Amino acid sequence: MTERRHHGTARLASLTEEEGAPRPPALRVVHEAEGVDLAAAEAAAGQFLAALGISTASESLRGTPGRMARAYAELFTPRPFDLTTFPNDEGYDELVLARRIPVRSVCEHHLLPFVGTAHVGYLPGTRILGLSKLARVVEHFACRPQVQERLTKQVADWLQTHLEPMGVGVVIEAEHSCMTLRGVQATGSSTMTSTLLGLLRSDARSRGEFLALTGAG
């Protein structure tokens, strides 16, 4: 697939790739969120439980509002990271795929968790990405009230914008507790979503390879 090697310019490679040129600085990725007020969240959690007829007077439940507040604060706060990239000196133009990345998020409709796995791949352009950063990007967008469809597209769009590869593919399969524990109570069901960009969308061979390797084909 040599046609992939000479297209595109990575936006993060702000300096030329001449021999001896300094390495461009990594992009620091921080989730922009309003300040967290754990005391207010704990008070609200206590009021929420009381409104549902659940007393927190017992020793075992006394600390529950605080634990609730801290748990949701953790679920909604992704860890900052540096988007580390490296020159694609060898002109590598085949698929790079990280499979079974753990996903944990919270459904924005019921604030109940959904958990599963993500498969994230890309066809390199002028730069390649540190492999652990694919998992970091998934976490970055998962740690907030979400819907799976949006999460899938956000990960793919973000990588396409900041890495400028020849193509990006994201497949997420997750079990939603808002579907399995309440309402229809469809225990064991899972939801699969995908976003394909660039050559992973337009080129049949590349698309087929990606979907086959993720198990979605």
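**Entry 1: the chain as a whole**

I began by counting elements and found that the chain has 7 helices and 9 strands. I note at the outset that this is a predicted model, and that I have read every value below with that in mind. Of the 217 residues in the chain, 39% are buried, and the chain exposes about 12,100 Å², of which carbon and sulfur atoms supply 55%. I then looked up the contacts with a separation of 6 or more, and residues 24 or more positions apart account for 71% of them.

**Entry 2: strand β8 and its partners**

I turned next to β8, which spans residues 167–176, and asked myself which strands pair with it. On one count, strand β5 (residues 113–123) is joined to β8 by 10 bridges, the two running antiparallel, and within that pairing I found Val-120 opposite Val-170. Strand β9 (residues 191–198) also pairs with β8 in the antiparallel sense, here over 8 bridges. I recorded that 8 of the 10 residues of β8 are buried, so the strand is largely enclosed by the rest of the structure.

**Entry 3: Val-168**

Within β8 I picked out Val-168 and asked whether this residue is buried or exposed. Its relative accessible area is 0%, and since buried means under 20%, Val-168 counts as buried. Its bridge partner in β9 is Leu-197, and Leu-197 is also listed among the residues that Val-168 touches. Leaving aside residues up to four places away in sequence, I found that Val-168 touches Gly-121, Tyr-122, Ala-156, Leu-159, Gln-160, Thr-195, Leu-196, Leu-197 and Leu-200. For Leu-200 I also looked up the spacing: the two residues are 32 apart in sequence, yet their C-alpha atoms lie 6.2 Å apart in space.

**Entry 4: helix α4**

Ala-156 and Leu-159, both touched by Val-168, led me to helix α4, which covers residues 148–163. This helix has 16 residues and reaches 22 Å from its first C-alpha to its last, close to the 22 Å expected at 1.5 Å a residue. I listed its buried residues as Gln-148, Leu-151, Thr-152, Val-155, Ala-156, Trp-158, Leu-159 and Leu-163. Seen down the axis of α4, these fall within an arc of 160°, so they line one face of the helix. Just after α4, I noted that Glu-164 takes a positive phi of about 50°.

**Entry 5: helix α3**

Lastly I checked helix α3 (residues 132–142), where 8 of the 11 residues are buried, so this helix is largely enclosed by the rest of the structure. The buried residues of α3 include Lys-133, Glu-139 and His-140, as well as Leu-134, Val-137 and Phe-141.

Technical notes. Residues are numbered from 1 along each chain as its sequence is written. This is a predicted model: local features need pLDDT of at least 70, side-chain atom pairs count only at pLDDT 80 or more; totals for chains, interfaces and linings use all residues. Side-chain values use heavy atoms; hydrogens and water are left out. Helices (H or I, at least four residues) and strands (E, at least two) are DSSP runs, numbered from the N terminus. The expected span of a helix is 1.5 Å times one less than its number of residues. Buried means under 20% relative accessible area, exposed over 50%, partly exposed in between (1.4 Å probe, protein chains only). The arc is that of the directions from the helix axis to the C-beta atoms. Contact means heavy atoms within 4.5 Å. Accessible areas come from the Shrake-Rupley method with a 1.4 Å probe; for residues, only the protein chains shown count as cover. Two strands pair if DSSP finds at least two bridges between them.
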